[in-house]
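Please look through the sequence and the model shown here, and then follow the description from the overall fold to a single residue and a pocket.

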Amino acid sequence: MNFDPNAFLIITTGSMIAISCGLLGVFLMLRKMAMTGDAISHAVLPGIVIAFLVSGSRHGLTMVIGAGLVGILATVFIEYLSNKVKLQSDASIGITFTSLFAIGIIMITFLANEIDLDQDCVLYGEIAYVPIDLWITGAGKIMGPRVTYLSLINMALVIGFITLFFKELKISTFDKEFAATIGLNTVLVNYGLMGMVSYTTVSSFEAVGAILVVALMVVPPATAYLWTKNLYKLIRLTVLLGIIISFLGYYLAYFLNSSIAGAMASVAGVFFFTTVVLQRKQIPRIKKKLSTMKLND
């Protein structure tokens, strides 16, 4: 098979997005906030639309700020409904997710003639356009695929955030009471994490869409968790799964002539359910070994 530079760019971009989403997804899953990530990835839509109206572009810092602020607002609203109103967490997430996303859809519908943005762009994205969506400088120099640069910057920021605040994230994830006892501001850490989720969503939605962002945030960490409970191994395995999913997803879409983002999400689902089946087959063997050990004792 000949080297295809376009395929390489798409797989590389998809892998970087998968790594960014997966790393954040590990901590969301361990905090039992996986669906909060889902809510934020959809709830940022009003912020994206408002930022687009302000800046007139789907690119740039304004878009990131708009989505980030709405993402943090969604987090505050979810926590308010859970802690103050005493709603169950799943109900709080559902109300926030549907309300803000619906507002975003209504805004797009009413402003359809004024903005170059639609629901499909946000939900599904199109990573196949990565090789032709180029970054061109003011001097007319072509620097390469714009989304690939954005994905690289996003991945670097996510890795930097997790590296810099790894101790705080770990302590506040596994023992909130102890974190509060030692004076760690768990609320600030939580908002920082949600801010990174918001930024990752808005920097990725144009390429892969909100649906694949959610899939990459939830499925690889959940799959990895079935194989290991060690945090460091969990992170490494999540990263590896993200890369494999991007590679196999691209070629599945190529052979089926279908959506690349959809194929990547499908591959992620196949990995998860295959893992579930393999783990269930191992349970009787483990029980048999344990019973044998007890008899020998």
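The paragraphs below treat the whole chain, then one loop residue, then the largest pocket.

This is a predicted model, in which local features need pLDDT of at least 70 and side-chain atom pairs count only at pLDDT 80 or more, while totals for chains, interfaces and linings use all residues. Residues are numbered from 1 along each chain as its sequence is written, and side-chain values use heavy atoms, with hydrogens and water left out.

The protein chain has 12 helices and 2 strands (DSSP runs of H or I with at least four residues, and of E with at least two, numbered from the N terminus), and their order from the N terminus is α-α-α-α-α-α-β-β-α-α-α-α-α-α. Of its 297 residues, 46% are buried, meaning under 20% relative accessible area with a 1.4 Å probe and protein chains only.

R31 sits in the loop between α1 (5-30) and α2 (34-43), and R31 counts as buried because its relative accessibility is 11%. Leaving aside residues up to four places away in sequence, R31 touches L169, S172, T173, V189, N190 and L193, where contact means heavy atoms within 4.5 Å.

N190 is also among the residues nearest the centre of the largest pocket, together with M33, E79, N83 and K176, out of 18 that line the pocket. The elements giving two or more residues to this lining are α4 (61-83), α5 (89-110), α8 (166-174) and α10 (186-227), and α4 gives the most, with 5 residues.

Technical notes:
Buried < 20%, exposed > 50% of the residue type's maximum accessible area, 1.4 Å probe, protein only. 1 Å grid on protein atoms, 1.4 Å probe; cavity = no way out; pocket = protein on both sides within 12 Å on 5 of 7 lines; lining within 4 Å.
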